[in-house]
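Colleague: Hi! Could you put the model up and walk me through how it packs?

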Amino acid sequence: MGDTIKFMLNDQMRAVSGLSPTTTILQYLRLQERLTGTKEGCAEGDCGACTVIIGELENGKMEYEAINACIVFLPTLDGRRLITVENLGMNAVQKAMVECHGSQCGFCTPGFVMSLTACMHNHGNANDENIQDAISGNLCRCTGYRPILDAARRANTEKERYLKTDVATLEGLRRETMFSYEHAGQKFFSPRTVEELADVTAQYPDATLLGGGTDVGLWVTKKHRTLETVIYTGNVAALREIKQTDAGLEIGGAVSYAHAFESLAAYDPSMGVLLRRFASVQIRNLGTVGGNIANGSPIGDGPPPLIALGAKLVLRSKSCTRQLPLEDFFIAYGKQACEKGGFVEKIIIPPKAKNVLFKVYKISKRFDQDISAVCAAFAIELDDDKVASARIAFGGMAGTPKRAAHTEKALTGKPWNEETVRNVMSALENDYQPMTDMRATAGYRMQVAQNLLIRCFIETTQPETETGVYGYGS
Ligand SMILES: Cc1cc2nc3c(=O)[nH]c(=O)nc-3n(C[C@H](O)[C@H](O)[C@H](O)COP(=O)(O)OP(=O)(O)OC[C@H]3O[C@@H](n4cnc5c(N)ncnc54)[C@H](O)[C@@H]3O)c2cc1C
Ligand code: FES
Ligand code: FES
C-alpha cells in the first residue's frame, strides 16, 4: 500500500504523497501549491468561491465539470485533470467579466469564472437557463448578479472551446485495478470493479464509503472528524452505469445527479423540474443518487419521488446481493437497512404505466441551493376516473422519507376529483407529525403538505395551470 496520487494539475503532472487522504483539493491548492486564486468562503459547498474544473476521460472523450474544491478529497483526483483559475489566462469569460464590471471585491470572481467557463465549454451556445443554472452555486455579496449575467452572455458569443486536454496523457494515468493510498495510518481505496469493492468493504467493514463526498466532505471540514479508512465508489465502472432494462431504469449507486439528470427528466418531466433545484451544478456534479439515499436523510430530495415511483434498491456485500423496496431501507431516523460492509449497488425504477399521474414538489426558502422543508411526491394510478392505487411519499414530514399510508388508503377507489381530495387531505394528519425546525414550523409543513395534494390534483387535471420550474413555493 501507499501509492502516490497521480493527476494533472493544469498542464503539469503531479504525483503526490505525504498528505492525509482527507486533505481537500482546496487545502492542497492553497497550502501545498500556493495556487491561491481558488478561494475559501464557506468550506461546505455552498458559496462556490472554491470552484475548480475536473477533467475526466469518459469513453475516450474528455468531460469537464465544475465542482467545489473545499469538500472533495485529494485522492479522488487520481487519474483526472484538475484545472484552476490560474490556468485559464484571459479567456473570453474573464475578459467579459472585466468589460461588464462583473467583479467588485473579487473574492467570488474566480469561482464565477470557473463555473461559467465550464458552462460555456459544455453548452457551446449556452442559453439564459444554462447560465443561471451554472452560477446557482456561486454567491456574490457585492457586485449583484446583473453584470455577471451580462458578462456570461457576452462571453457566450465567443465560439471557442474553452478547455483542451492531452488525452494521451490522461490515458497514461488509467489504472486497471484498485488504487490504494495511505498516510499516517489513514487509508484510501479506490476500487475499479464491484468485486473489488465488495472485497475491500468486507475487509474494512467500518470504513466510510465515499460517493461524491457532498455529505462526507463536511464531516471533515465542519465536524473535524478523522476518517480512518475511506472507500471511494467513484471509479467503480458498474456503479456509474445508467441502463434501461426490462426491470426499468437502472441507476448505479455511484451515478451523480448531473449524469442521472437526463434519464430521470426523460422518465418524467417533473423529475427534471425537481433536479434543477437540487443544490447547484457543482453539487450535482459530485453528489450521487446512491449517497442521497444511503445517508438516510429525512430531507433528501431523491427518496420521496423514487419511493412514489416504486423504486427498488439493490444492496450488495461480499456475501450477498438483495433487493428491497426503497421505503423499507429507511427504518428510523439515522437507521438504514444496510449491513456493515454493504453498499448500494443500484436503484431500479420500474416503468411508469400510462395511467399513472406523477408529480413531485420541492418547498424550500430559496429557489436554488437550498434543502427542502418539504418534498412531496404523488403517483396516482387511475382506472377511468377512479383512483386504482396511490403511492404518496414525503420528505421533511417525519424522521425518515415516508409513505402516506392513511392518505393512500383514503384515496383508493374514490373518484379523482376535488371533492375527494379535499375530503382526504386531513388523512395526512394521521400519517405525519412533522417537527418545527429552522426550515419550517410543524404547522407550516402540514398545511403545505395538504396544499400540495390539492396542487397535484389541479395540475394533473388542468395541465394549463402547471407552474413548472418557477412554481416552487407559491
Ligand atoms: C451545498 C449543498 C447543497 C445540498 N443540496 C441538496 C439538495 O438540494 N437536496 C438534497 O437531497 N441533498 C442536498 N445536499 C446533500 C447531498 O448533496 C446529497 O445527499 C448527495 O446526493 C449525497 O451524495 P454523495 O455521493 O455526495 O454522498 P457522500 O457524501 O459520498 O455519502 C453520503 C453517505 O452515503 C454513504 N454512501 C455513499 N455512497 C454509498 C453507496 N454506494 N452505498 C452505501 N453507502 C454509500 C456514505 O458513506 C455516507 O454515509 C446538499 C449538500 C450540500 C453540501
Ligand atoms: S468554499 Fe464555499 S463552496 Fe467551497
Ligand atoms: S465581487 Fe465581492 S463577493 Fe462578489
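Modeller: Sure, let's start with helix α2 (residues 92–99) and helix α5 (residues 145–156), which pack at about 135° with axes 8 Å apart. Helices here are DSSP runs of H or I with at least four residues, strands are E runs of at least two, and both are numbered from the N terminus. Axes are lines fitted to C-alpha atoms, for helices over the stretch in contact, and angles run from 0 to 180 degrees between N-to-C directions.

Colleague: Before we go on, what kind of model is this?

Modeller: It is a predicted model, where local features need pLDDT of at least 70 and side-chain atom pairs count only at pLDDT 80 or more, while totals for chains, interfaces and linings use all residues. Residues are numbered from 1 along each chain as its sequence is written, with chains lettered from A and ligands numbered from 1 in the order in which they are written.

Colleague: Thanks. Back to α2 and α5: which residues meet?

Modeller: A92, V93, A96, M97 and E99 of α2 meet A151, R154 and A155 of α5; contact means C-beta atoms, placed from the backbone, within 7 Å. Those residues divide into six nonpolar, no polar and two charged. Nonpolar covers Ala, Val, Leu, Ile, Met, Phe, Trp, Tyr, Cys and Pro, charged is Asp, Glu, Lys and Arg, and the others, Gly among them, are polar.

Colleague: And what about α9 and α10, how do they pack?

Modeller: Helix α9 (residues 257–267) and helix α10 (residues 269–276) pack at about 150°, with axes 6 Å apart. They are therefore roughly antiparallel to each other, a label for angles over 145 degrees, with under 35 roughly parallel, 65 to 115 roughly perpendicular and the rest oblique. The α9 side of the contact is Y257, F261, L264, A265 and Y267, and the α10 side is P269, M271, G272 and L275.

Colleague: Switching topic: what sits around ligand 1?

Modeller: Ligand 1 is surrounded by 34 residues, the closest being G211, G212, G287, G291 and N292. A residue counts as near if its C-beta atom, placed from the backbone, lies within 6 Å. The shell divides into 13 nonpolar, 17 polar and four charged.

Colleague: Which helix gives the most to that shell?

Modeller: α12 does, with four residues.

Colleague: Which domains does the shell draw on?

Modeller: At least three residues come from each of domain 1 (5–85 + 165–232) and domain 3 (241–470); the bounds come from an automatic or database domain assignment.

Note on methods
Contact = placed C-beta atoms within 7 Å.
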